[in-house]
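Thanks for making the time this morning. I would like to take you through one structure, starting with how some of its helices pack and ending with the surroundings of the ligand.

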Amino acid sequence: MIGATGQIGRAAVRALAEDGWRVRAASRGGGRDGSWPASVESVAVDRDDDAAVAALIGDGCDVVLDCVAYGRAHARQLLNLADRVGSAVVISTGAVYEDDQGRGFATQDRPDGDPRYPVPLPESQRTVPPGDGYGSRKVALERELLGAGDRLPTTLLRAGAVHGPHCRTPRELYFVKRALDGRPVRILAYGGRSRFHPVHVDNVAELVRLAAHRPGSRVLNAGDPQAPTVADIAAAVDAVLGVRSELVLVDGGPPHPHVGSTPWSLAHPLVYDMSAAGRELGYRPVTGYAESLPATVGWLADRLAAAPDWRTAFPDMAAAYDPMTDLFDYAAEDAWLRDGGSSPAL
Ligand SMILES: NC(=O)c1ccc[n+]([C@@H]2O[C@H](COP(=O)([O-])OP(=O)(O)OC[C@H]3O[C@@H](n4cnc5c(N)ncnc54)[C@H](OP(=O)(O)O)[C@@H]3O)[C@@H](O)[C@H]2O)c1
């Protein structure tokens with residue numbers, strides 16, 4: 001397993017080990033999760049070092065799970081080892097999709113650039129061209145691996161908005177911190193109706209476990225049994241923390257760059273069709289959004305309590321969002337509310 005100490009890796013190692021697999025768990029730091037049995041071997045490997053990855057595979061293994069593969073080069077690295085690997089499971093993303101007008105995640109900041117995907121969104125939907133962006137590098141990875149399915153059968157899992165403990169870029173922090181800070185309102189663009197299909201790490205791990213048993217050359221959406229609206233998510237986090245806040249729903253886009261835009265705020269829904277995973281792997285989700293939320297919220301609250309500020313607790317989150325928006329600009333929210341919440345939508 002490459003990327004074993006990440007949020008997905010921790011859950012997948014646990015699921016595979018419980019299922020009887022002997023797991024070698026690699027990350028740069030070589031760490032381990034407290035829930036793993038002692039039989040899991042943890043090793044320090046930088047996946048950008050081809051020789052180290054070859055040594056990780058050693059004489060061979062039945063399955064490789066790769067959580068941190070991007071672009072053609074990582075696909076070729078895996079394919080170069082195909083004679084020693086039975087099959088692979090590789091984590092991809094919903095950012096590969098584009099709508100029938102060529103709009104995807106990367107076009108959202110353009111006029112009329114918000115993607116309108118079919119609901120639900122099947123794996124047959126067209127994808128962005130291969131290239132250098134996040135989604136386009138994943139497309140390059142997918143195509144390279146699928147093109148060599150006869151040498152290395154690979155299941156590519158297009159994960160939705162991943163959630164669970166140990167997330168380095170936790171979307172749920174947006175509402176957890178507001179609740180802990182006693183903010184009285186949750187301002188939500190697009191009428192609070194945004195839907196960005198979530199997937200709990202245990203559901204990704206279950207898909208990995210099933211794919212490990214049924215090798216194939218395929219892409220599958222990876223989602224939870226429900227795709228709640230962002231208003232549902234705000235209310236669910238409040239409920240876990242025992243607070244009540246007022247929802248201020250804004251028609252249309254965010255009224256200010258720092259107001260109303262959450263990590264789930266899409267103009268149009270991204271809701272996966274999960275029937276292929278059920279058909280091909282017999283996937284049945286092992287948890288749901290609301291039932292899994294208390295553990296995630298508890299982990300986030302503990303991390304926040306132990307650090308001087310949220311950027312220290314979640315540096316990758318700050319790096320991911322800070323260039324685009326300030327996630328916690330309460331002064332901008334208050335100013336907008338004082339003005340009657342009437343500024344025109346951007
Ligand atoms: N977050 C989302 O909502 C989302 C949505 C769709 C798809 N995805 C996909 O999910 C995957 C990320 O999984 P995750 O969220 O579980 O990751 P994560 O929590 O960010 O953890 C990354 C893991 O990979 C290891 N790692 C990073 N660089 C490495 C390298 N060069 N060599 C070896 N190990 C390395 C890290 O440990 P060290 O730092 O110790 O190396 C850690 O174990 C990506 O493929 C991403 O595209 C995420």
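Let me begin with helix 7 and helix 9, the latter spanning residues 289-306, which pack at an angle of about 55° with their axes 10 Å apart. Please keep in mind throughout that this is a predicted model. An angle counts as roughly parallel under 35 degrees and as roughly perpendicular from 65 to 115, and helix 7 and helix 9 are therefore oblique to each other. As for the handedness, helix 7 passes helix 9 in a right-handed crossing.

Helix 7, which covers residues 230-241, also packs with helix 5, residues 173-180, and for that pair the angle is about 45° and the axes lie 9 Å apart. That angle makes helix 5 oblique to helix 7. Here, too, the crossing in which helix 5 passes helix 7 is right-handed.

The remaining pair I want to show is helix 3, residues 71-79, with helix 4, where the angle is about 30° and the axes are 7 Å apart. With the cut-off for roughly parallel set at angles under 35 degrees, helix 3 and helix 4 are therefore roughly parallel to each other. The crossing of helix 3 and helix 4 is right-handed.

Helix 4 brings me to the ligand, since helix 4, residues 134-147, is one of the elements that each supply at least two residues of the shell around the ligand, together with helix 1 (7-18), strand 4 (85-93) and strand 6 (161-163). Which of these elements gives the most to the shell? It is strand 4, with three residues.

Taken as a whole, the surroundings of the ligand comprise 27 residues, and the closest are Thr 5, Arg 28, Cys 67, Tyr 134 and Lys 138. By character, the residues of this shell divide into 11 nonpolar, nine polar and seven charged.

For those of you thinking about individual contacts, the backbone deserves a look as well. A backbone N or O atom of Ile 8 lies 2.8 Å from an oxygen atom of the ligand, while for Val 162 the corresponding distance, again from a backbone N or O atom to a ligand oxygen, is 3.0 Å. Gly 3 also places a backbone N or O atom 3.5 Å from an oxygen atom of the ligand. As for coverage, the ligand on its own has 920 Å² of accessible area, and the protein covers 87% of it.

Methods
Residues are numbered from 1 along each chain as its sequence is written. This is a predicted model: local features need pLDDT of at least 70, side-chain atom pairs count only at pLDDT 80 or more; totals for chains, interfaces and linings use all residues. Side-chain values use heavy atoms; hydrogens and water are left out. A residue is near a molecule or strand if one of its heavy atoms lies within 4 Å of it. A polar contact is a pair of N or O atoms within 3.5 Å; within protein, one must be able to donate a hydrogen and the other to accept it, and residues adjacent in sequence count only if both atoms are side-chain atoms. Accessible areas come from the Shrake-Rupley method with a 1.4 Å probe; for residues, only the protein chains shown count as cover. Helices (H or I, at least four residues) and strands (E, at least two) are DSSP runs, numbered from the N terminus. Ala, Val, Leu, Ile, Met, Phe, Trp, Tyr, Cys and Pro count as nonpolar, Asp, Glu, Lys and Arg as charged, and the others, Gly among them, as polar. Axes are lines fitted to C-alpha atoms, for helices over the stretch in contact, and angles run from 0 to 180 degrees between N-to-C directions. Angles under 35 degrees count as roughly parallel, over 145 as roughly antiparallel, 65 to 115 as roughly perpendicular and the rest as oblique. A crossing is left-handed if the near helix is turned anticlockwise from the far one by less than a right angle, and right-handed if clockwise.
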